Amino acid sequence: SQELDIAAAGGTKCVTCGTDTTILWHNCKDKPGTKLCMPCYEKNRLDVAAAAGTTCVTYGTDTARMWLNCKDEPGTKICMNCYEKNLLDVAAAAGTTCVKCGTDTTS
């Protein structure tokens, strides 16, 4: 697993920024045996996507916390924000409502 639990992380420092505090540690693929803090891991994911020329087919952004394959246009990607917005739009169009509050949208 990429994730390292707190008990196993004692004395761990991020290979990129040097912090010893994070909500989640990840193994560094570039330097085996070292760890990345969550912010550096996320920044690395964004940098890799930008370097690869990934852009959201819907919004055009080149930064996202996660990329997903676009079902409407095979071979393209959409950012997580557009994916989540699409889910809400589909739910609203289908008449889906929250069982607790009755709304069909989220903010």
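Reader: How much space lies in the second largest pocket, and what makes a set of points a pocket?
Author: The second largest pocket holds about 310 Å³ of space, where a volume is the space filled by probe spheres set on grid points that are joined across faces, edges and corners. On a 1 Å grid over the protein atoms alone, a pocket is an open set of points with protein on both sides within 12 Å along at least five of seven lines, and the probe has a size of 1.4 Å. The model is predicted, and local features need pLDDT of at least 70 and side-chain atom pairs pLDDT 80 or more, whereas totals for chains, interfaces and linings use all residues. Residues are numbered from 1 along each chain as its sequence is written, and side-chain values use heavy atoms, with hydrogens and water left out.

Reader: What makes a residue part of the lining, and which residues lie nearest the centre of the second largest pocket?
Author: A lining residue has an atom within 4 Å of a point. The lining here counts 15 residues, and those nearest the centre are Lys 71, Asp 72, Ile 78, Tyr 83 and Asn 86. Helix 2 (80–93) and strand 4 (67–69) each supply at least two of the lining residues, and the largest share, six residues, comes from helix 2.

Reader: How is the lining of the second largest pocket divided by class?
Author: Seven of its residues are nonpolar, three are polar and five are charged. Here Ala, Val, Leu, Ile, Met, Phe, Trp, Tyr, Cys and Pro count as nonpolar, Asp, Glu, Lys and Arg as charged, and the others, Gly among them, as polar.

Reader: What counts as a helix or a strand, and how many of each are there in the protein chain?
Author: Both are DSSP runs numbered from the N terminus, a helix being H or I with at least four residues and a strand being E with at least two. The protein chain has two helices and five strands, which follow one another from the N terminus in the order β-β-β-α-β-β-α.

Reader: Why is Thr 12 called buried or exposed?
Author: Buried means under 20% relative accessible area, exposed means over 50%, and partly exposed lies in between, with a 1.4 Å probe and protein chains only. Thr 12 has 11%, so Thr 12 is buried. Its place is in the loop between strand 1 (3–4) and strand 2 (25–27). Thr 12 is 25 residues from Cys 37 in sequence, and their C-alpha atoms are 9.3 Å apart in space.

Reader: What is the class of Thr 34, buried, partly exposed or exposed?
Author: Thr 34 has a relative accessible area of 24%, which falls between the two limits, and therefore counts as partly exposed. Thr 34 lies in the loop between strand 2 and strand 3. Leaving out residues up to four places away in sequence, Thr 34 touches Val 15, His 26, Asn 27 and Cys 28, a contact being heavy atoms within 4.5 Å.

Reader: Where is Leu 36 found, and why is Leu 36 called buried or exposed?
Author: Leu 36 is found in strand 3 (residues 35–37). Its relative accessible area is 7%, so Leu 36 is buried. Beyond residues up to four places away in sequence, Leu 36 touches several residues, including Cys 14, Trp 25 and Tyr 41.

Reader: How many disulfides does the structure hold, and how do you know?
Author: The structure holds zero disulfides, a disulfide being a pair of cysteine sulfur atoms within 2.5 Å. The closest cysteine sulfur to that of Cys 14 is in Cys 37, at 3.7 Å, and is therefore too far for a bond. For the sulfur of Cys 79, the closest cysteine sulfur is in Cys 82, at 3.6 Å, and is therefore also too far for a bond. Cys 14 counts as buried at 4% relative accessibility, and Cys 79 counts as buried at 3%.
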